[in-house]
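Visitor: Please take me closely through one part of this model, the packing of its helices, and then show me what surrounds that part.

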Amino acid sequence: MRVLVTGGAGYIGSVAVEQLLAAGHSVSVLDNLWRGHAAAVSPDAELHVRDLRDAPGVEEVFAKSRPEAVMHFAAATIVPESMTEPGLYFDINVAGTHNLLKACRDAGTERFIFSSTAAVYGEPERVPVTESAIPRPINVYGQSKLMVERMLEAYSQAHGLRYAAFRYFNVGGASAEHGEDHDPETHVIPVALLTLLGQRPRFNLFGTDYPTPDGTAIRDYVHVLDLVDAHIRALDHLDSSLGPINLGSRAGFSVQEIVAAIEEVTGRQLPVERNPRRSGDPPMLVADAGRAKALLGWEPRRSSLAEMIGSAWNWLHRHPNGYAT
Ligand SMILES: NC(=O)c1ccc[n+]([C@@H]2O[C@H](COP(=O)([O-])OP(=O)(O)OC[C@H]3O[C@@H](n4cnc5c(N)ncnc54)[C@H](O)[C@@H]3O)[C@@H](O)[C@H]2O)c1
């Protein structure tokens, strides 16, 4: 299949490009390289350096690459930034995605796979959270993703777009070739590993008095290769719209467990500073991924802490300054 991957120069998108190529698909990438890296894009994919907010530029990419499916990873993704720069988030995540949807409608591209997020749920009343929970995002990032989910449903009803909106919880790990190189880096595993490499003075742990077994917050992590596997499976299941689908492992790991696993895998001691809870961080957020299993036969297979941390550590060892090295 001809697949257009937006955000293919970013963390998850670059792994998707690699895995799509390995599965025999033909891949084009649309990325403005704002927070991505040209070096992260496999040379066998065609890179179009374009901004989602530039509608004629997006149409041009469609005319050149004639995609049969779109995997849409490109976005602004940092929660605190979304609260201080809401316009940026509505411009890129909502208006930019709308340019993409219009291009799909005009080009007759009917399969669309979207990177949504657990942030659409806000602080859910029950965990593990199912897709039927009423979404109540508590930040602009989550609101922008929920708006896109609503646009997808409207385009599905009106124009026959067939879509899956994968709600990711937390993503970790690396493939042999591609890993996490965010600037700024805000994710727990790479932040801790960069601390071990001496690039940060200490690891800040927020909240030690949660009602969890060890007092630290519990989150659901999926290995990036497992996550991408769900997207590739979805390509073959988009005979009709699949709607929102959680991608998680249900189990969840506490921050303290992650710290212990990092010390175990690397054999080094992590300097940890314990801080009070941050507002808006619930004690436990884990996914019920039953729909992903029922619809796609998907289950996480590589999402142990040892595999996620081990692969991320290997990649960082080879790329201590990210794609600059
Ligand atoms: N990483 C996670 O843990 C996580 C969790 C939940 C959801 N997600 C979602 O998954 C997707 C990918 O996340 P990631 O961690 O790989 O992000 P990333 O920042 O590594 O990659 C995003 C890519 O999009 C590109 N981009 C941003 N704005 C653009 C624009 N206007 N035009 C063209 N390209 C643009 C960036 O240059 C970058 O290469 C995002 O949509 C994110 O919201 C990620």
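**Helix packing and its surroundings**

Guide: Helix α6 and helix α8 are oblique to each other, because their axes cross at roughly 45 degrees, and oblique covers what is left once angles under 35 degrees count as roughly parallel, over 145 as roughly antiparallel and 65 to 115 as roughly perpendicular. The model is predicted, with local features needing pLDDT of at least 70 and side-chain atom pairs pLDDT 80 or more, while totals for chains, interfaces and linings use all residues. Residues are numbered from 1 along each chain as its sequence is written.

Helix α6 spans residues 188–196 and helix α8 residues 255–266, and their axes come within 11 Å (axes are lines fitted to C-alpha atoms, for helices over the stretch in contact, with angles from 0 to 180 degrees between N-to-C directions; helices are DSSP runs of H or I, at least four residues, and strands of E, at least two, numbered from the N terminus). From α6, Val188, Ile189, Ala192, Leu193 and Leu196 meet Val255, Ile258, Val259, Ile262 and Thr266 of α8, where contact puts C-beta atoms, placed from the backbone, within 7 Å. In this contact of α6 with α8, nine residues are nonpolar, one is polar and none is charged (Ala, Val, Leu, Ile, Met, Phe, Trp, Tyr, Cys and Pro are nonpolar, Asp, Glu, Lys and Arg charged, the others, Gly among them, polar).

A second pair, α1 (11–22) and α7 (224–235), has axes that come within 9 Å and cross at roughly 60 degrees, so α1 and α7 are likewise oblique to each other. Here Ile12, Val15, Ala16, Gln19 and Leu20 of α1 meet Val224, Leu225, Leu227, Val228, His231 and Ile232 of α7, and the contact of α1 with α7 holds nine nonpolar residues, two polar ones and no charged ones.

To place these helices, the domain assignment gives domain 1 as 2–172 + 221–247 and domain 2 as 188–219 + 251–324, with bounds from an automatic or database assignment. The centres of domain 1 and domain 2, taken over C-alpha atoms, are separated by 23 Å, and their contact takes 28 residues from domain 1 and 25 residues from domain 2. On the side of domain 1 that touches domain 2, β7, β10 (221–223), α7 and β11 (243–247) each supply at least two residues, and α7 gives the most, with six residues. By class, that side of domain 1 has 16 nonpolar, seven polar and five charged residues.

Helix α1 also belongs to the shell around the ligand, where its three residues make the largest share, while α1, α4 (86–107), β5 (111–117) and β7 (170–172) each supply at least two residues of that shell. Of the 29 residues around the ligand (C-beta atom, placed from the backbone, within 6 Å), Gly7, Gly10, Tyr11, Gly36 and Ala75 come nearest. The shell divides into 13 nonpolar, 12 polar and four charged residues.

Some backbone details lie in the loops. Just before α6, in the loop between β7 and α6, is proline 184, joined to aspartate 183 by a cis peptide bond with omega about 5 degrees. The peptide bond from valine 127 to proline 128 is also cis, with omega near -5 degrees, and proline 128 lies in the loop between β5 and α5 (140–159). Leucine 33, in the loop between β2 (26–31) and β3 (46–49), has phi near 65 degrees, a positive value in a residue other than glycine.

Notes
Contact = placed C-beta atoms within 7 Å.
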